[in-house]
Amino acid sequence: MPGDIKYRDLNGDNVIDVNDATFIGYPETPRLVYGFNGFINYKRVEFNFAFQGSGQRSFFLNAYELSPFVNDHAMLTAIYEDHWSEDNQSLHPFWPRLSTYNIAQHNPEEGWGADTGTGADIRKSTYFLRDCSFLRCTSLELAYNFGPNTLKRWGMRNLKLYARVNNAFAITNFKLWDVELGTNGFNYPIQRTYSLGFNVSF
């Protein structure tokens with residue numbers, strides 16, 4: 001029906017079958033993992049940062065599990081905002097047409113081996129393939145060291161106040177959930193934490 005996923009006839013024989021299979025995307029294990037950190041000191045002020053990231057990695061959204069209205073599934077905001085309809089006949093919306101059936105009933109290839117009753121040869125397509133490269137700021141810290149006159153007046157050898165945030169932000173093209181969760185998007189995400197503190201010695 002209009003709004004269902006359509007697959008390319010890659011070998012041009014007018015039949016969509018196993019002969020149209022090809023290599024797509026990158027593996028779920030990233031081919032590139034990297035990180036860097038640094039610090040900047042200016043007079044009594046310190047600024048520290050740390051980043052980590054990965055690249056050349058892909059994963060598939062599990063459309064069978066995301067299908068709205070099925071097995072009491074709620075509708076994700078992303079599906080609500082961008083699905084195929086008469087008013088949104090985009091060539092590649094986030095979600096095909098809505099239905100009270102699981103998406104695997106209309107496009108068995110997206111069932112990933114689920115029991116759809118179609119007997120179809122299940123294969124993953126590029127429709128729900130996502131690039132999950134990212135660069136995450138794992139730590140930012142700003143600190144201030146008090147000067148010797150203040151330390152002497154307070155009877156201290158050292159006093160440093162600092163503010164720190166962990167997992168401050170991530171740069172990625174994938175916005176649906178925390179990109180590091182991969183296909184397990186409904187698991188508990190990496191948390192952003194804030195802290196204030198001081199280091200003192202007498």
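Here are four short exercises, each with a worked solution, on the pockets, cavity, surface patch and salt bridges of this predicted model.

Before you start, note that residues are numbered from 1 along each chain as its sequence is written. In this predicted model, local features need pLDDT of at least 70 and side-chain atom pairs count only at pLDDT 80 or more, while totals for chains, interfaces and linings use all residues, and side-chain values use heavy atoms, with hydrogens and water left out.

**Exercise 1. Find the salt bridge between arginine 97 and aspartate 4, and say whether each residue is buried or exposed.**

Step 1. Recall the cut-off: a salt bridge is a side-chain nitrogen of Lys or Arg within 4 Å of a carboxyl oxygen of Asp or Glu. For arginine 97 and aspartate 4, the closest N and O atoms are 2.7 Å apart.

Step 2. Place the partners. Arginine 97 sits in the loop between helix H2 (77–81) and helix H3 (103–106), and aspartate 4 in the segment before strand S1 (32–42), so the pair links distant parts of the chain, 93 residues apart. Helices (H or I, at least four residues) and strands (E, at least two) are DSSP runs, numbered from the N terminus.

Step 3. Check the cover. Buried means under 20% relative accessible area, exposed over 50%, and partly exposed in between (1.4 Å probe, protein chains only). Arginine 97 is buried, with a relative accessible area of 15%, and aspartate 4 is buried at 17%.

**Exercise 2. Describe the largest cavity and its lining.**

Step 1. Define it: on a 1 Å grid over the protein atoms alone, a cavity is a set of points where a 1.4 Å probe fits but cannot get out, a pocket is an open set with protein on both sides within 12 Å along at least five of seven lines, and lining residues have an atom within 4 Å of a point.

Step 2. Count and size. The whole structure holds one cavity of 30 Å³ or more, and the largest cavity has a volume of about 80 Å³, a volume being the space filled by probe spheres set on grid points joined across faces, edges and corners.

Step 3. Read the lining. Among its residues are Asp4 and Arg97, along with Trp95 and Tyr101.

**Exercise 3. Work out which residues lie nearest the centre of the second largest pocket, and trace the salt bridges of Arg136.**

Step 1. This pocket holds about 220 Å³ of space. Of its 14 lining residues, Arg136, Phe169, Ala170, Asp178 and Arg192 lie nearest its centre.

Step 2. Strand S6 (residues 158–172) gives the most to this lining, with four residues.

Step 3. Arginine 136 and glutamate 180 meet in a salt bridge (2.6 Å, N to O). Arginine 136 belongs to strand S5 and glutamate 180 to the loop between S6 and strand S7 (193–201), 44 residues apart.

Step 4. Arginine 136 is buried at 6% relative accessible area, whereas glutamate 180, at 29%, counts as partly exposed. Arg136, Asp178 and Glu180 are linked in a network of salt bridges.

**Exercise 4. Locate the salt bridge of lysine 160 and say which strands it joins.**

Step 1. Lysine 160 pairs with glutamate 46, the closest N and O atoms being 3.5 Å apart.

Step 2. Lysine 160 lies in strand S6 and glutamate 46 in strand S2, so the pair ties together parts that are 114 residues apart in sequence.

Step 3. Both lysine 160 and glutamate 46 are buried.
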